[in-house]
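Here's a quick tour of the empty spaces in a protein model, plus a look at how some of its helices pack. Have the structure open while you read, and try to find each spot for yourself.

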Amino acid sequence: MSVLKKLFATAAITAAMFVAPASAQDMKIALVVKSLGNGFFDAAHKGAQNAAEEIGGIEVIYTGPTSATAEGQIDIVNSLIAQQVDAIAISANDPDALVPALKKAMDRGITVISWDSGVAPEGRQVHLNPSDTDLIGETIIKLAADYLPEGGDVAILSASSTATNQNAWIAAAEKVLPEKFPNINLVATVYGDDDAVKSTNEAKGLIASYPDLEAIIAPTTVGVVAAAQVVTDENLIGKINVTGLALPSEFKQFIDNGASQAVALWNPIDLGYSAIHIAHALVTGEAKAEPGATISIGKVGEITLDDTNSAAMAAPFKFDKSNIEEFSKIY
Ligand code: RAM
């Protein structure tokens, strides 16, 4: 080999050595949320970034529609397929509507998981629930019942009417009502679409329609803030207790002013962090998407998939006057 050829060969090897590891590590994981501008998802994004930094070589693409609709998410999934991302981790606005687009993604070799709000099993490989669905259902009713020793009328202000997670929690809540909370009378369930204005109007509508209402249960961080603001503005503190699932940083003011006695939530930062760990492990083949499989979720622990390839991360925490200040500084 001539000196020149040798030099080229060495240069080529050096270039290959330099380039190969970088591209092999360049994994793109899209974190698709129900809608942008929601503090809960911003916290999950923070956790996703933490996981990406910890694992290394991952680019997190944080995206979602401006309003919480399946149509908006379908457009986003199609564009992620065109961008040839390695994985899509989605919190879905509808369990079924997204299935065809996500199936197309999987057909193209893209890893698909749902987290927070699931898609039907045929549209994803794994689903990560924040907590056990029955436990969340019972928790949201208990949060209201604990402050209504004699029972009373309560109403639910949910997110969108097709949201997989809220619908599952409400179904679980309705299941435990007759036996465990016989004095609690669920008078209505309305939908604020995780939109501040619609949630505000729905909360006002509940108050106008049900004069004996004693609690509004909003299993959505957007709805719970809207309801507590309405109760505050309409001078109903002490008459209507607002509860549900709330982000302490957004909700602390309503524990402080008495519009709410207590709320609950899991750690949204850990949820986004765990979603990235799962997606990464499936892309690399470190984990398999099959019933019984155990998948590491880094410092949060590990999950074991059930027969539907779903698992839950952790139990919800309760926030009240004693601890909301401390948690409000974290998420
Ligand atoms: C809202 C969203 C999200 C849900 C939380 C509790 O931010 O609807 O999906 O998990 O509330």
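What follows goes through the cavity, then the pockets, then the helix pairs.

Keep in mind that this is a predicted model. Rolling a probe the size of a water molecule over the atoms shows where empty space is left. Two domains come up again and again: domain 1 (3–130 + 268–314) and domain 2 (133–265).

**The cavity**

- How many cavities of 30 Å³ or more does a search of the whole structure find? The search turns up one.
- The largest cavity holds about 110 Å³ of space.
- Its lining is made of 15 residues, and the ones nearest the centre are Phe-40, Asn-165, Gln-166, Thr-220 and Thr-221.
- If you sort the lining of the largest cavity by residue type, you get seven nonpolar, five polar and three charged.
- Helix 2 (39–55) and helix 6 (164–180) each chip in at least two residues to that lining.
- Helix 6 has the largest share of the cavity lining, with three residues.
- Both domains take part here, as domain 1 and domain 2 each give at least three residues to the lining of the largest cavity.

**The largest pocket**

- The volume of the largest pocket comes to about 230 Å³.
- There are 17 residues lining the largest pocket, and Ser-35, Asp-194, Asp-195, Ala-196 and Val-222 are the closest to its centre.
- Which helix gives the most to the lining of the largest pocket? That's helix 8 (residues 221–233), with three residues.
- The lining of the largest pocket splits into five nonpolar, eight polar and four charged residues.
- Where does the largest pocket sit relative to the two domains? Domain 1 and domain 2 both give residues to its lining, so the largest pocket lies between them.

**The second largest pocket**

- The second largest pocket has about 160 Å³ of space in it.
- Its lining counts 15 residues, and Gly-118, His-127, Asn-129, Thr-164 and Ala-168 are found nearest the centre.
- Two elements give two or more residues to this lining: strand 5 (126–129) and helix 6.
- Helix 6 gives the most to the lining of the second largest pocket, with four residues.
- By type, the lining residues of the second largest pocket are five nonpolar, eight polar and two charged.
- Domain 1 and domain 2 each put at least three residues into the lining of the second largest pocket.

**Helix 6 and its partner**

- You've already met helix 6 in the cavity lining, where it supplies three residues.
- Helix 5 (residues 133–145) packs with helix 6 at an angle of about 60°, and the two axes are 7 Å apart.
- That angle makes helix 5 oblique to helix 6.
- The crossing of helix 5 with helix 6 is right-handed.

**Helix 8 and its partner**

- Helix 8, the one that gives three residues to the lining of the largest pocket, packs with helix 9 (residues 248–256) at an angle of about 25°.
- The axes of helix 8 and helix 9 are 10 Å apart.
- Are helix 8 and helix 9 roughly parallel or oblique? They count as roughly parallel, because angles under 35 degrees fall in that class.
- Helix 8 passes helix 9 in a left-handed crossing.

**Helix 2 and its partner**

- Helix 2, which also helps to line the largest cavity, packs with helix 10 (residues 268–284) at an angle of about 45°.
- Between the axes of helix 2 and helix 10 there is a distance of 6 Å.
- Helix 2 and helix 10 are therefore oblique to each other.
- Which hand does the crossing of helix 2 and helix 10 have? It is right-handed.

Notes. Residues numbered from 1 in each chain as written. Predicted model: local features only at pLDDT ≥ 70, side-chain atom pairs only at ≥ 80, totals over all residues. Heavy atoms only, no water. 1 Å grid on protein atoms, 1.4 Å probe; cavity = no way out; pocket = protein on both sides within 12 Å on 5 of 7 lines; lining within 4 Å. Points joined across faces, edges and corners; volume = space filled by probe spheres on them. Nonpolar A, V, L, I, M, F, W, Y, C, P; charged D, E, K, R; others polar. Domains from an automatic or database assignment. Axes fitted to C-alpha atoms, helices over the stretch in contact; angles between N-to-C directions. Parallel < 35°, antiparallel > 145°, perpendicular 65-115°, else oblique. Left-handed = near helix turned anticlockwise from the far one by under 90°.
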